[in-house]
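Got your viewer open? Here's a short walk through the model, one selection at a time.

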Amino acid sequence: MTPFDLQRDAFGRWTLVLVDGTRHAPVTALRAYPVTSPEQGIALMDAEGHELLWIDDLAKLDAAVRTTVLQALNEREFLPEILRLEGVSSFATPSTWTVMTDRGENQFLLKGEEDIRRLTGTVLLINDADGVQYMIRDLAAMDKHSRKLLDRFL
């Protein structure tokens, strides 16, 4: 049994209902480690940024509550994962990148090489000119063409 419930109120805001019936609205779901451990360490926070509830592991939640927490997380987070680089307009920056992400094909402007950050040995975070962040989860697992294009910027 899950010791809480997460629901939407009449205004569409996320509401945390604790086992004793206490209700907190609005709440925001945040991942503590969104890149390295996205399924562990989830905090449900109030509007002032105070932690109301800590979830150690999403897998330990009932299926219905887990689905609701994931929906709340996905509404707040927007971090498309680049699966493949289709092409770049130039090897000098700024350049327009055409990529295939887990959300479909997209184009963005890379202002400079400093907008590509290595988080770990194989994880990259790329900021486009509009402030959108893209992630490459495993550089080594990308196809040869994508790695060759990326090598020009790393």
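Start with the largest pocket, which has a volume of about 470 Å³. Bear in mind that you are looking at a predicted model. To find the spot, select R31, P34, E77, L79 and R137: out of the 20 lining residues, these are the closest to the pocket's centre. Next, colour strand β4 (28–31), helix α1 (63–76) and strand β12 (133–136), the elements that each give two or more residues to the lining. What mix of nonpolar, polar and charged residues does the lining hold? The split is 10 nonpolar, two polar and eight charged.

**Stop two: salt bridges**

Stay with two of the residues you just picked. Show the side chains of E77 and R31, and you'll see them meet in a salt bridge, with 2.8 Å from N to O. Trace the backbone between them: E77 sits in the loop between α1 and β7 (82–88), while R31 belongs to strand β4, and the two are 46 residues apart. Are these partners buried or exposed to some degree? E77 counts as partly exposed because its relative accessibility is 23%, whereas R31, at 15%, counts as buried. The cut-off to remember is that buried means under 20%.

Now add E81 and R137. They form a salt bridge too, and here the closest N and O atoms are 3.5 Å apart. E81 is in the loop between α1 and β7 and R137 is in the loop between β12 and α2 (144–151), so this pair ties together parts that are 56 residues apart in sequence. With 19% relative accessibility, E81 counts as buried; R137, with 35%, counts as partly exposed.

For another example, jump to D9 and R13. Their closest N and O atoms are 2.8 Å apart, making a salt bridge. D9 is buried at 18% relative accessibility, and R13 is partly exposed at 36%. The model's count comes to five salt bridges, and you have now visited some of them.

**Stop three: aromatic rings**

Hide those and turn to the rings. How many aromatic pairs are there? The count is four. Select W97 and F153 to see one that is tilted, with 5.0 Å from centre to centre and 55° between the planes. W97 lies in strand β8 (residues 95–101) and F153 in the segment after α2, so the pair joins parts 56 residues apart in sequence. Both W97 and F153 are buried.

Then pick F108 and Y134. This pair is stacked, at 4.5 Å centre to centre with 20° between the planes. Since F108 is in strand β9 (residues 104–110) and Y134 is in strand β12, the pair ties together parts that are 26 residues apart in sequence. F108 counts as buried, at 4% relative accessibility, and Y134 counts as buried at 4% as well.

Now put F91, W97, F108, Y134 and F153 into a single selection: they form one aromatic cluster.

**Last stop: arginines over rings**

Keep F91 on screen and add R152. Rotate until you see R152 over the face of F91, at 4.1 Å from the ring centre. Finally, select R8 and W14. What lies over the face of W14? R8 does, at 4.0 Å from the ring centre.

Note on methods: Residues are numbered from 1 along each chain as its sequence is written. This is a predicted model: local features need pLDDT of at least 70, side-chain atom pairs count only at pLDDT 80 or more; totals for chains, interfaces and linings use all residues. Side-chain values use heavy atoms; hydrogens and water are left out. On a 1 Å grid over the protein atoms alone, a cavity is a set of points where a 1.4 Å probe fits but cannot get out, and a pocket is an open set with protein on both sides within 12 Å along at least five of seven lines; lining residues have an atom within 4 Å of a point. Grid points are joined across faces, edges and corners, and a volume is the space filled by probe spheres set on the points. Helices (H or I, at least four residues) and strands (E, at least two) are DSSP runs, numbered from the N terminus. Ala, Val, Leu, Ile, Met, Phe, Trp, Tyr, Cys and Pro count as nonpolar, Asp, Glu, Lys and Arg as charged, and the others, Gly among them, as polar. A salt bridge is a side-chain nitrogen of Lys or Arg within 4 Å of a carboxyl oxygen of Asp or Glu. Buried means under 20% relative accessible area, exposed over 50%, partly exposed in between (1.4 Å probe, protein chains only). Rings of Phe, Tyr and Trp (its six-membered ring) pair if their centres lie within 6.5 Å; planes under 30 degrees apart count as stacked, over 60 as edge-to-face and the rest as tilted. A charge sits over a ring if NZ of Lys or CZ of Arg is within 6 Å of the ring centre and within 35 degrees of the ring normal.
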